[in-house]
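Please open the model in your viewer and keep the sequence panel beside it, since each stop below begins with a selection.

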Amino acid sequence: MEIERKFLIDRFPDALPLISECEMHQLYISVMPTVRARSKKTSAGETYRLTVKGSGELVREEIEIDISKEQFDGLCRVAEKEPIKKLLRCYALPDGLVLECSLVDEGTKTEFMYAEVEFESVEAAEKFDVPDFLGQEVTYDNSWKMNNYWKRTRLENK
């Protein structure tokens, strides 16, 4: 189960300790149900995953499977669309949680930023004291889900 809250942001936080940074490319094979393929490049190398997500907002089922570079490249060919590009930076929050901040499709007219915090339980998610620097919460606004961003920017009117 994935339990997370999502917020819009306008910049990477500069007052939090940086844990990690990576570049990602992701594409969607299906938006209903969500079937996503993602490459993740860090200083340690590159990994590839296929993810299937169930429906939901704060809580949803998530199944992840490691795949090879060849499988990822094949899925890119099948999708026939430019992958979404993300710069992901993870920061340590004071309470031991991790803040994942993403810059999406930098340099395009659809560029935006968001942040997510994952939780161990619904209770912990509901009790989370939202820091002032986080913007509008969009956890319950499906238009901000990445599969819907894919639809808007890669599938509709293209």
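**From a strand pair to the core**

In this predicted model, begin by selecting C101, which stands opposite A115 in β9. Widen the selection to β8 and β9, and you will see two strands that run antiparallel and are joined by six bridges. Colouring the strands next shows an open sheet of nine, with antiparallel pairing, in the order β5-β1-β9-β8-β7-β2-β3-β4-β6. At its edges are β5 (59-60) and β6 (62-66), each of which pairs on one side only.

Now select the helices: α1 (residues 69-79) lies across β2 (18-31), β3 (34-42) and β4 (45-53), running at about 50° to β2, while α3 (residues 146-155) lies across β1, β2, β3, β7, β8 and β9, at about 65° to β2.

Return to C101 and add F12, L99, F128 and L134, the residues with the most contacts inside the largest nonpolar core, which has 19 residues. To this core β1 (2-9), β7 (84-92), β8 (98-104) and β9 each supply at least two residues. A second, separate core of 17 residues can be located through L8, Y48, I67 and Y149, which are among its members.

Showing the surroundings of L134 brings up, beyond its neighbours within four places in sequence, contacts with F7, L8, I9, L99, A115 and F128.

Finish at F119, in the loop between β9 (112-118) and α2 (122-127). Is F119 buried or exposed? F119 counts as buried because its relative accessibility is 8%, under the 20% cut-off. Leaving aside neighbours within four places in sequence, F119 is in contact with I3, E4, R5, L97, A124, A125 and F128.

Note on methods: Residues are numbered from 1 along each chain as its sequence is written. This is a predicted model: local features need pLDDT of at least 70, side-chain atom pairs count only at pLDDT 80 or more; totals for chains, interfaces and linings use all residues. Side-chain values use heavy atoms; hydrogens and water are left out. Helices (H or I, at least four residues) and strands (E, at least two) are DSSP runs, numbered from the N terminus. Buried means under 20% relative accessible area, exposed over 50%, partly exposed in between (1.4 Å probe, protein chains only). Contact means heavy atoms within 4.5 Å. A nonpolar core is a set of buried Ala, Val, Leu, Ile, Met, Phe, Trp, Tyr and Cys residues joined through side-chain atoms within 4.5 Å. Two strands pair if DSSP finds at least two bridges between them. Axes are lines fitted to C-alpha atoms, for helices over the stretch in contact, and angles run from 0 to 180 degrees between N-to-C directions.
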